[in-house]
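Me: I would like to go through the terms used for this structure one by one. For each of them, please set the value against the definition before concluding.

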Amino acid sequence: MNKIFAHGYRAVKNCIRYFPLLQNLISRNLKKKYRRSVLGYIWCVLNPLMVMLIMNFVFSSMFRSSIDNYPVYLFAGRMMFFFITGSTQSMAGSIISNGSLMRKTRVPYHIFTLANFCSQIVDFGFSLIAFAIVLLITKTPITVHVLAFPAVVLEMFLFCYGLGMFLAQTNTFIRDVSYIYGLVTTAWMYLTPIFYSVEIMPANAHYIITHFNPAYAYLQMSRLVFLYHQWPTRNLLVSGFLWGALMTVVGVFTYIRSKDKLILYV
Amino acid sequence: MSREIIRVEDASVRFNLAMQKNVGIKEYVSKALHRELFFQEFFALRHIDLSVMAGESWGFVGRNGSGKSTLLKLITGILKPYEGSVTVNGHVSPLLELGAGFDPELTGRENIMMNGLILGMTKAQIQEHFDDIVAFAELEKFLDVPIKNYSSGMKSRLGFSIATCMKPEILIADEVLSTGDRIFQQKCEKRMQELLADGTTLLFVSHSAASVRKLCKKVMWLDSGSIKMCGNTDEVMRQYENK
């Protein structure tokens with residue numbers, strides 16, 4: 001127990017000490033992404049909006065009849081799911097891609113993982129702006145239930161942070177992890193009701209998706225508050241939190257276990 | 001009365017050669033059968049003892065692969081000793097490879113900020129020393145050019161300039177003089193001598209015996225991971241050059 005506190009204390013101290021570096025790494029990530037493009041940061045909003053338009057065009061003929069306000073349904077789910085896969089994939093490569101820095105300087109390694117995570121959060125913020133535009137165009141009212149959204153997002157952040165930490169460590173030891181995870185996310189995308197409604201699935205698949213797919217809880221809650229104007233159900237909130245807490249514990253634990261060995265594998 | 005700033009006690013560093021290799025499945029199975037998969041050890045350093053007082057300047061000499069850089073990485077804290085212990089009571093400014101830690105996509109200006117932060121400076125300190133850094137590196141004209149377009153000499157000038165601008169407590173310099181031209185080498189030597197006069201502790205790796213004689217009071221001669229000789233510069237260097 002004492003050991004855990006010591007780790008926690010050191011982590012907090014490092015966070016304060018390396019906060020400016022973290023800020024700098026985040027802005028580096030964003031700068032590099034849009035450097036030399038004419039539209040620059042406009043892409044942050046434009047890109048999710050355009051993808052949404054395409055998906056809406058492709059899928060609306062298939063599912064429109066069964067789902068009301070399909071653009072909002074699609075976007076509310078897509079932005080959550082793409083944050084989950086986007087952030088974890090970017091974190092999975094964070095330690096390897098900064099290997100040259102790790103071999104020559106002494107900074108806590110999780111700062112690279114954290115920086116990639118934070119830049120994905122910034123991107124998520126931009127996709128929220130795009131979402132607001134969609135809400136505006138579809139004339140979807142914003143109700144008091146939106147106040148629950150930050151809690152939902154926080155749960156999702158916990159989940160992604162833990163999973164990303166876990167992937168970053170294991171990927172450093174066994175590089176196959178990033179390929180396997182790429183496949184997993186592809187399967188995961190089809191098993192998550194992003195562009196279809198979970199109701200159309202057969203009963204057993206419905207059960208598995210709603211009970212064992214962590215992404216489902218976050219997507220569903222996002223739709224509840226934005227589209228159906230309801231509070232998130234207690235079951236969803238609890239399951240979202242449990243998934244988040246579980247992954248965070250797993251991620252932080254693997255980091256503590258492996259951090260001294262990482263340098264030999266980058 | 002000077003205090004001990006670095007203490008290395010009976011330290012060994014072990015690498016596992018097996019895991020550095022890209023093992024295919026066939027090889028994996030055959031090696032697993034012979035039980036050598038996880039067991040091809042290599043000692044980069046064996047039983048090293050070193051005690052450095054604050055303000056001392058140490059040179060490390062030896063052939064390629066004798067463990068000089070590994071020892072410096074150990075003191076920096078990048079590597080952990082397999083056996084023994086390493087204690088450092090000061091802030092280390094490592095310069096393990098000039099230009100390491102630069103992001104090739106970012107401009108010189110952005111890299112100065114990033115590199116300074118990595119070395120543990122604050123934003124205010126970097127801004128305060130910004131002009132000095134640029135002037136010393138002679139890069140005024142190229143500040144807003146991405147580092148990938150710099151020559152290796154330009155990169156090493158900038159790296160050296162950032163690491164030494166703040167009067168580090170412990171400066172670790174690994175082969176820093178090898179890439180710059182003669183004039184810049186002299187400038188670097190002068191900067192290091194100024195730092196030494198100011199009380200910085202210097203750990204210096206070089207293949208140039210002349211630089212070691214000029215800068216270092218003490219020398220450790222490493223040979224395949226072990227100490228071959230350790231003592232005052234004159235004694236050790238005489239032996240080293242006559243070997």
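Reply: A helix is a DSSP run of H or I with at least four residues and a strand a run of E with at least two, both numbered from the N terminus. A:Ile133 lies in one such run, helix H7 (residues 110-137) of chain A. The model is predicted, so local features need pLDDT of at least 70 and side-chain atom pairs count only at pLDDT 80 or more, while totals for chains, interfaces and linings use all residues. Residues are numbered from 1 along each chain as its sequence is written, and chains are lettered from A and ligands numbered from 1 in the order in which they are written.

Me: What makes A:Ile133 count as partly exposed?

Reply: The class depends on how many other C-beta atoms, placed from the backbone, lie within 10 Å of the residue's own: 20 or more is buried, 12 or fewer is exposed, and anything in between is partly exposed. A:Ile133 has 15 C-beta neighbours inside 10 Å, and therefore falls in the middle class. In space, A:Ile133 stands 8.5 Å from A:Leu49, C-alpha to C-alpha, although 84 residues separate them in sequence.

Me: How do you know that H4(A) is roughly parallel to H8(A)?

Reply: Axes are lines fitted to C-alpha atoms, for helices over the stretch in contact, with angles from 0 to 180 degrees between N-to-C directions. An angle under 35 degrees counts as roughly parallel, over 145 as roughly antiparallel, 65 to 115 as roughly perpendicular, and the rest as oblique. Helix H4 (residues 70-92) and helix H8 (residues 149-173) of chain A have axes that come within 7 Å and cross at roughly 30 degrees, which makes H4(A) roughly parallel to H8(A). H4(A) passes H8(A) in a right-handed crossing, a word used if the near helix is turned clockwise from the far one by less than a right angle, left-handed being the anticlockwise case. Residues in the contact (C-beta atoms, placed from the backbone, within 7 Å) include A:Phe83 and A:Ile84 of H4(A) and A:Leu163 and A:Leu167 of H8(A).

Me: Which classes of residue make up the contact of H4(A) with H8(A)?

Reply: Nonpolar means Ala, Val, Leu, Ile, Met, Phe, Trp, Tyr, Cys and Pro, charged means Asp, Glu, Lys and Arg, and the others, Gly among them, are polar. On that count the contact of H4(A) with H8(A) has 11 nonpolar, four polar and no charged residues.

Me: Why are H8(A) and H11(A) described in the opposite sense, as roughly antiparallel?

Reply: The axes of H8(A) and helix H11 (residues 214-226) of chain A come within 10 Å and cross at roughly 165 degrees, so the two helices are roughly antiparallel to each other. Their crossing is left-handed. Among the residues that make the contact are A:Phe149 and A:Phe159 of H8(A) and A:Tyr218 and A:Val225 of H11(A); by class it has eight nonpolar, one polar and one charged residues.

Me: What makes E5 and E9 of chain B stand at the edges?

Reply: Two strands pair if DSSP finds at least two bridges between them. The open sheet has six strands in the order E5-E6-E7-E3-E8-E9 (chain B), with mixed pairing. Strand E5 (92-95) and E9 of chain B each have a single partner strand, so one side of each is left without a neighbour in the sheet. Within this chain, strand E6 (residues 170-174) and strand E7 (residues 201-205) run parallel, joined by five bridges, with B:Leu171 standing opposite B:Leu202 in E7(B). By contrast, strand E8 (residues 218-223) and strand E9 (residues 226-232) of chain B pair in the antiparallel sense over six bridges, and B:Lys218 stands opposite B:Asn232 in E9(B). Their hairpin has two residues between the strands, and B:Ser224 takes a positive phi near 35 degrees there.

Me: Which are the edge strands of the sheet E2-E1-E4 in chain B?

Reply: That open sheet of three strands has antiparallel pairing, and strand E2 (41-53) and strand E4 (83-88) of chain B are its edge strands, each pairing on one side only. Nine bridges join strand E1 (residues 4-16) of chain B to E2(B), and B:Val8 stands opposite B:Leu50 in E2(B). Helix H3 (residues 68-76) of chain B lies across E1, E2 and E4, running at about 120 degrees to E1(B).

Me: How many residues does each chain bring to the contact?

Reply: Chain A gives 14 residues and chain B gives 19. The largest share of the side of chain A that touches chain B, five residues, comes from H2(A).

Notes: Contact = placed C-beta atoms within 7 Å.
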